[in-house]
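My notebook is open, and I am going to look things up one at a time. Come along and check each entry as we go.

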Amino acid sequence: ACPQHAIDVRGYADFAPPFTLRNAKQAVLAFNGDVYQGLDAPSFSERDFTEAQKTVRILSGLYGVLRPLDLMQPYRLEMGLPVATDRGSNLYQFWGDRITRLLQADLNEAPGTKAVINLASDEYARSVHFADFENPVIAPRFEDTNAAGARQVVSFFAKRARGAMAGWLVRERVRTPRALKKFAEGGYRYDPATSTTQQPVFVRRYQDRPAMASGR
């Protein structure tokens, strides 16, 4: 078994519903990966949290769909993990179209233009049947240039950028996909030459990239 795909059985044994602030944490504050560091939810104001609750949804292998302030207990269960259930051999089959239906229902109640801004990784985006949505689906792409000027998606940077865009959408109360062109966090700039309606592209120059430290 691969360690990164391990299921923390001891952790699940500690689950104690109902979830309260004593034994659980708000979802957007519980996750701490690169995307969530880019999101920087701890800096949200009370109004930002209210906005996020209306407009942001978190995909989860265990919980399916979480709102930012939904209480959850820590877990380790990646969406791509092959877990056999009575619904199939993996979590995509387990969730079926339920995640899609939940997102569509929430979208119908969300403020502003009815559109989905897909900032999920490919692993989690696969759990959503985007073709079934009644509304536009937009998947931003974040590219960095290297020292030679060539452009590429750098996974680490792209994760941070997806989180940063989610935080920017919340803080700026963005209500229309057209406003995405204004995104300029972390040195990224909208590139009209390579963008499409469904995939706006944001590029950052090599000299604007943060330094990456390595070591133990």
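**Entry 1: a starting point**

In which helix is Ala158 found? I looked it up, and Ala158 sits in helix H8. A reminder to myself: this is a predicted model.

Next I asked whether Ala158 is buried or exposed. Its relative accessible area is 6%, so Ala158 is buried; the cut-off for buried is under 20%. Leaving aside neighbours within four places in sequence, I found Ala158 in contact with Phe142 and Val153. I also checked Ala158 against Leu66: they are 92 residues apart in sequence, and their C-alpha atoms are 22 Å apart in space.

**Entry 2: how far to trust the model**

I looked up the confidence before going on. The protein averages a pLDDT of 90, and 90% of the residues score at least 70. Residues 1-10 are another matter, with a pLDDT below 50. That stretch has 12 contacts in the model beyond near neighbours in sequence. I noted a rule for myself: where pLDDT is low, the predicted coordinates should not be read in detail.

**Entry 3: the sheet**

In what order do the 4 strands of the open sheet stand? I wrote down S8-S7-S10-S9, with mixed pairing. S8 and S9 (189-190) are at the edges with a single partner strand each, so one side of each has no neighbour in the sheet.

Then I followed S7, residues 141-145, and saw that 4 of its 5 residues are buried. S7 runs parallel to S10 (residues 201-204), and 4 bridges join them. With S8 (residues 151-152), S7 pairs in the antiparallel sense over 2 bridges. I like to recall here that strands of a sheet pair through backbone hydrogen bonds, either parallel or antiparallel.

Asp144 let me see both pairings from one residue. Its bridge partner in S10 is Arg204, while in S8 it stands opposite Gln152.

I also looked at the link between S7 and S8. The two strands form a hairpin with 5 residues between them. In the turn, Gly149 has a positive phi of about 95°.

Back to the helix of my first entry: H8 lies across S7 and S10, and it runs at about 130° to S7.

**Entry 4: Thr145**

Thr145 lies in strand S7, and I wanted to know why it counts as buried. Its relative accessibility is 12%, which falls under the 20% cut-off. In S8, Thr145 stands opposite Arg151.

What lies 2.6 Å from a polar atom of the Thr145 side chain? I found the backbone nitrogen of Tyr206 there. Setting aside neighbours within four places in sequence, the contacts of Thr145 include Ala150, Val203, Arg205 and Arg209.

**Entry 5: Asp191**

Where is Asp191? I found it in the loop between S9 and S10. At 15% relative accessibility, Asp191 counts as buried.

The Asp191 side chain makes a polar contact of 3.0 Å with the side chain of Arg151, the residue opposite Thr145 in S8. A polar contact of 2.6 Å joins the side chains of Asp191 and Thr194. Beyond neighbours within four places in sequence, I listed Arg151, Val201 and Val203 as contacts of Asp191.

**Entry 6: the nonpolar core**

Which residues touch the most other members of the largest nonpolar core? Of its 45 residues, they are Ile99, Phe142, Met165 and Phe183. Among the elements that each supply at least two residues are H2, H4, strand S2 (58-60) and helix H6 (98-109). H8 gives the most, with 8 residues. My textbook note to go with this: in soluble globular proteins, nonpolar side chains tend to be buried together.

I followed Ile99 a little further. Leaving aside neighbours within four places in sequence, its contacts are Leu59, Gly64, Val65, Met79, Ser127 and Val128.

**Entry 7: helix H4**

My last look-up was H4, residues 46-55, where I found Asp48, Phe49, Glu51, Ala52 and Gln53 buried. What do these buried residues pack against? They pack against helix H2 (27-30) and helix H8 (155-171). So ends my page, back at H8, the helix where I found Ala158.

Definitions and conventions. Residues numbered from 1 in each chain as written. Predicted model: local features only at pLDDT ≥ 70, side-chain atom pairs only at ≥ 80, totals over all residues. Heavy atoms only, no water. Buried < 20%, exposed > 50% of the residue type's maximum accessible area, 1.4 Å probe, protein only. Pairing = 2+ DSSP bridges. Contact = heavy atoms within 4.5 Å. Polar contact = N/O pair within 3.5 Å; in protein donor to acceptor, adjacent residues only side chain to side chain. Axes fitted to C-alpha atoms, helices over the stretch in contact; angles between N-to-C directions. Core = buried A, V, L, I, M, F, W, Y, C linked by side-chain atoms within 4.5 Å. pLDDT = per-residue confidence, 0-100.
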